[in-house]
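Here is a short note to read beside the structure. Take the points one at a time and find each residue as you go.

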Amino acid sequence: MQPLSSIVTERLELRPLTEADADALRGLRGNPDAVRFLSHQPLSAGKTDQLLADLLTRAERSTAACFHVGWAVVLRSSGAMIGDGRTWNTAEPPLPGSLPDRYASLGYLLHPDHHGKGYGTETAAALVRWLFTERGIDTIYAGVYEANTPSRRLLERLGFVRDHYFTANQDSHGKGLASWRYRLDRAAWSAGPPYGHNSTPRGSRR
Ligand SMILES: CC(C)(COP(=O)(O)OP(=O)(O)OC[C@H]1O[C@@H](n2cnc3c(N)ncnc32)[C@H](O)[C@@H]1OP(=O)(O)O)[C@@H](O)C(=O)NCCC(=O)NCCS
């Protein structure tokens, strides 16, 4: 795949992860508060480096149709990486995954030092826009643990609606928590909400 362009929003730059993000990613994925409602426990430095290597391999193997991209969330004012995001429609590009055609998934994580300033919403809105406008996706899924109120509020702010409930027994990630799959359909996004229509991909894209 051709190198992906950054996505620039009012206060953030979202750019594809690189090897240079290893230290920042360790600070995120090793932070117990940050990963409490993620599908993994706090990661050691070694495990985080392995995660980054896997993400870089997946991004390299991605095509426009079958993709798995990890993003660094960077503050434009300082250049600091304050979070990471993920957009994917398959776990093992270039092979298709189990999602229906023109469906994709979204994930995001902000360092707790930067919560409550609108950065999470700004990040997710930009990735939603990227999936709809740059990848031609029609429906976006986001999985969220039921107890993760901040993330559920964020999704609902962007127009996501509850799609499917998974009991704690169905949790395959070892946390034993109930969760919701949320969805956002292109038609609902196009009709509103106000958030997410103003981030601009930097540079040209196929
Ligand atoms: C979920 C998560 C990404 C939210 O990030 P965040 O940056 O705190 O989210 P926001 O700041 O956009 O929104 C949080 C609140 O701040 C408010 N806010 C404060 N300043 C704001 C601003 N300048 N602009 C917009 N909203 C602002 C929002 O309205 C929102 O209020 P609410 O909780 O009453 O709805 C963050 O809690 C996180 O990273 N958690 C750990 C990882 C995780 O759980 N990821 C999701 C897995 S499903």
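Which helix gives the most to the shell around the ligand? Keep that in mind for point 1. One caution comes before it: this is a predicted model.

1. **The ligand shell.** Helix 5 gives the most to the shell around the ligand, with 4 residues. In total, 19 residues surround the ligand. The closest are His-115, Gly-118, Gly-120, Thr-121 and Ser-151. Three elements give two or more residues to this shell: strand 5 (103–110), helix 4 (119–134) and helix 5 (149–157).

2. **What the shell is made of.** Sort the shell by residue type. Nonpolar residues number 10. Another 7 are polar, and 2 are charged.

3. **Strand 5 and its partners.** Strand 5 also deserves a look away from the ligand. It is mostly covered, with 6 of its 8 residues buried. Strand 4 (residues 81–88) pairs with strand 5 in the antiparallel sense, over 6 bridges. Find Leu-109 in strand 5: Asp-84 stands opposite. Strand 6 (residues 139–145) is joined to strand 5 by 3 bridges, and these two strands run parallel. Here Ala-104 has Ile-140 of strand 6 as its bridge partner.

4. **Strand 3 and its partners.** Strand 3 is mostly covered too: 7 of its 8 residues are buried. It pairs with strand 2 in the antiparallel sense, over 5 bridges. Look for Pro-16, whose bridge partner in strand 3 is Trp-71. Strand 3 also pairs with strand 4, again in the antiparallel sense, over 7 bridges.

5. **The hairpin.** Strand 3 and strand 4 form a hairpin with 5 residues between the strands. Within this hairpin, Gly-79 takes a positive phi near 85°.

6. **Met-81.** This residue belongs to strand 4. Is Met-81 buried or exposed? Count the other C-beta atoms within 10 Å: there are 21. The cut-off for a buried residue is 20 or more, so Met-81 is buried. Val-74 stands opposite Met-81. Val-74 is also one of the residues in contact with Met-81, once neighbours within four places in sequence are left aside. The others are Asp-21, Ala-24, Ala-72 and Val-73. Now compare Met-81 with Arg-157. They are 76 residues apart in sequence and 24 Å apart in space, C-alpha to C-alpha.

7. **The length of helix 3.** Helix 3 covers residues 45–61, which makes 17 residues. At 1.5 Å a residue, helix 3 should span 24 Å. Its end C-alpha atoms are 24 Å apart, so the expected span and the model agree.

8. **The two sides of helix 3.** Which residues of helix 3 are buried? They are Thr-48, Leu-52, Leu-55, Arg-58 and Ala-59. Look down the axis of helix 3: the buried residues fall within an arc of 125°, so they line one face of the helix. On the other side, Gly-46, Gln-50, Ala-53 and Glu-60 are exposed.

9. **What the buried face meets.** The buried residues of helix 3 pack against three elements: strand 2 (12–16), helix 1 (22–29) and strand 3 (68–75). Strand 2 and strand 3 are the antiparallel pair from point 4. Trace that pair once more, then turn back to helix 3 and find its buried residues against both strands.

Technical notes. Residues are numbered from 1 along each chain as its sequence is written. This is a predicted model: local features need pLDDT of at least 70, side-chain atom pairs count only at pLDDT 80 or more; totals for chains, interfaces and linings use all residues. A residue is near a molecule or strand if its C-beta atom, placed from the backbone, lies within 6 Å of it. Ala, Val, Leu, Ile, Met, Phe, Trp, Tyr, Cys and Pro count as nonpolar, Asp, Glu, Lys and Arg as charged, and the others, Gly among them, as polar. The expected span of a helix is 1.5 Å times one less than its number of residues. A residue is buried if 20 or more other C-beta atoms lie within 10 Å of its own, exposed if 12 or fewer, and partly exposed in between; C-beta atoms are placed from the backbone. The arc is that of the directions from the helix axis to the C-beta atoms. Two residues are in contact if their C-beta atoms, placed from the backbone, lie within 7 Å. Two strands pair if DSSP finds at least two bridges between them.
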